[in-house]
Amino acid sequence: MNFTRIFNSLLFKIIVAIVLGIGCSFFFPEWLARVFVTFNSLFSGFLGFFVPVLIFSLITPAIASLGRGAGKWLGVTVGIAYASTVISGLIAYAVANGLYSWLLADQELFEAADVEAGGLAPYFTIEMEPPFAVMSALLLAFTVGIAMTAVKSDTLQAGAEELRAVIMKVIEKFVIPLLPLFIFGMFLSMGMNGNLTETLSAFLKVIVLATIMTWVVLLVQYLLAGAYAGVNPFRALKNMLPAYFTALGTSSSAATIPVTLKSTRANGVSESVAGFVVPLCATVHLSGSMMKIGLFAFAVMYLTGAELTLGMALGFVLMLGIMMVAAPGVPGGAIMAAVGLLQSQLGFDESQIALMIAAYIAIDSFGTACNVTGDGAIALTVNKMASGDVGGEKYDAALTGTGGAGVEARSGRD
């Protein structure tokens, strides 16, 4: 067992941060706790400033590179992957509506940052106004990305990709390393405010539910793909188990691609289809990540008594499915991409964001494993569609030189 890798993993650091935050809440003096509350206030303000920039910087080159791909089969594969991700989010909404009134009955969520209610206050705050709103960033990214495709601007494309590399470096070297300290401060504040036990009890239930629901999503995907492709769904799912367990260990779709390819080929998918669909879906298919974020977000809204309509849930899921495609290739990338939407569309505060991040990373590998294994179901579907394509462009010719378009730089963003 590689203990160095375990100790350096983000999950291990998050767990240590939670344990230390809970433990220190029993004996920390208020003046010292307020130091960490002040840090959390500053870090949360930076996230509010940084997230719109992140959205624009990641989505613009993603849209441009996808637009330069290979015609119909790129569109078909991306369409199926996006539909799978959105359906997973709608299932999460249905499950939340059906189960939370029983599962989370008589429980409420903490208000760690509520100073008027006796919560800890930061020593000082700094206003960090974002350069533009989250929705403005998203619309601008789409407009510029599509325009870059239309005019075939190689200079802008190269500049956008360099900007993406810079922003990813900020995430990898600054944001992600500070997350454990942010979560430590939040759990410290929760413990000292006296509302920790009920919060942990509620979210542990949701974490277990989210893990189970990733398995349900896989079963549904393979039942549908098996029925369409004319294969035994349970045998196909069994053949994908090596990819599933590899993803559990790596927490990365990109690192699992070789195993996913081999497992997909074992299901009778042609080499050309597997070689195109698997790397592409490592970027655009996030049904497991959507299930986790959806269940966690809807739980927060239920526990705080916030109204959640079908229209709100649908808008959130549709937008999140797009934003996660451009999530950076770092652990927890999908939840970082979701922060802007959680704040702008669902009204989450910094304490709720911290809880979302901690819960998401706690079972990050299960979402990745669901994403990866579901890629095999999409490959089965595309393989069946391609086998019946006798008119227009030939499948293999259509994929020539496009299997890696826009994928290498962005894959593995769970």
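This report describes aromatic ring pairs, charges placed over rings, and a cavity in a predicted model.

## Aromatic pairs

A pair of aromatic rings is described by the distance of the centres and the angle of the planes. Searching the whole structure yields 13 aromatic pairs, and one of them joins Phe27 and Phe28 in an edge-to-face arrangement, with 5.5 Å centre to centre and 75° between the planes. The two partners differ in their exposure to the surroundings: Phe27 is exposed, at a relative accessible area of 58%, whereas Phe28 counts as buried, at 15% relative accessibility. Both residues also belong to a cluster, in which ring pairs link Phe27 and Phe28 with Phe36 and Phe184.

## A pair between two helices

Tyr100 and Tyr302 form another aromatic pair, this one tilted, for which the centres are 6.2 Å apart and the planes make an angle of 55°. Because Tyr100 lies in helix 4 (residues 71-103) and Tyr302 lies in helix 12 (residues 287-304), the pair ties together parts that are 202 residues apart in sequence.

Which of the two tyrosines, Tyr100 or Tyr302, is buried and which is partly exposed? Tyr100 is buried, since its relative accessible area is 1% and the class requires a value under 20%, while Tyr302, at 34% relative accessibility, counts as partly exposed.

## Charges over rings

Two contacts between a basic side chain and a tyrosine ring can be described for this model. In one of them, the charged end of Arg34 sits over the ring of Tyr123, at 4.2 Å from the centre of that ring. In the other, Lys292 lies over the face of Tyr360, and here the distance from the ring centre is 3.7 Å.

## The second largest cavity

Rolling a probe the size of a water molecule over the atoms shows where empty space is left. The structure holds two cavities of 30 Å³ or more, and the second largest of them has a volume of about 30 Å³.

The lining of this second largest cavity is made up of Leu47, Phe50, Val51, Leu54, Ile171, Val175 and Met336. Helix 3 (30-67) and helix 6 (154-192) are the elements that give two or more residues to this lining, and the largest share, four residues, comes from helix 3. What is the make-up of the lining of the second largest cavity by class? The lining has seven nonpolar residues, with no polar and no charged residues.

Key. Residues are numbered from 1 along each chain as its sequence is written. This is a predicted model: local features need pLDDT of at least 70, side-chain atom pairs count only at pLDDT 80 or more; totals for chains, interfaces and linings use all residues. Side-chain values use heavy atoms; hydrogens and water are left out. Rings of Phe, Tyr and Trp (its six-membered ring) pair if their centres lie within 6.5 Å; planes under 30 degrees apart count as stacked, over 60 as edge-to-face and the rest as tilted. Buried means under 20% relative accessible area, exposed over 50%, partly exposed in between (1.4 Å probe, protein chains only). A charge sits over a ring if NZ of Lys or CZ of Arg is within 6 Å of the ring centre and within 35 degrees of the ring normal. On a 1 Å grid over the protein atoms alone, a cavity is a set of points where a 1.4 Å probe fits but cannot get out, and a pocket is an open set with protein on both sides within 12 Å along at least five of seven lines; lining residues have an atom within 4 Å of a point. Grid points are joined across faces, edges and corners, and a volume is the space filled by probe spheres set on the points. Ala, Val, Leu, Ile, Met, Phe, Trp, Tyr, Cys and Pro count as nonpolar, Asp, Glu, Lys and Arg as charged, and the others, Gly among them, as polar.
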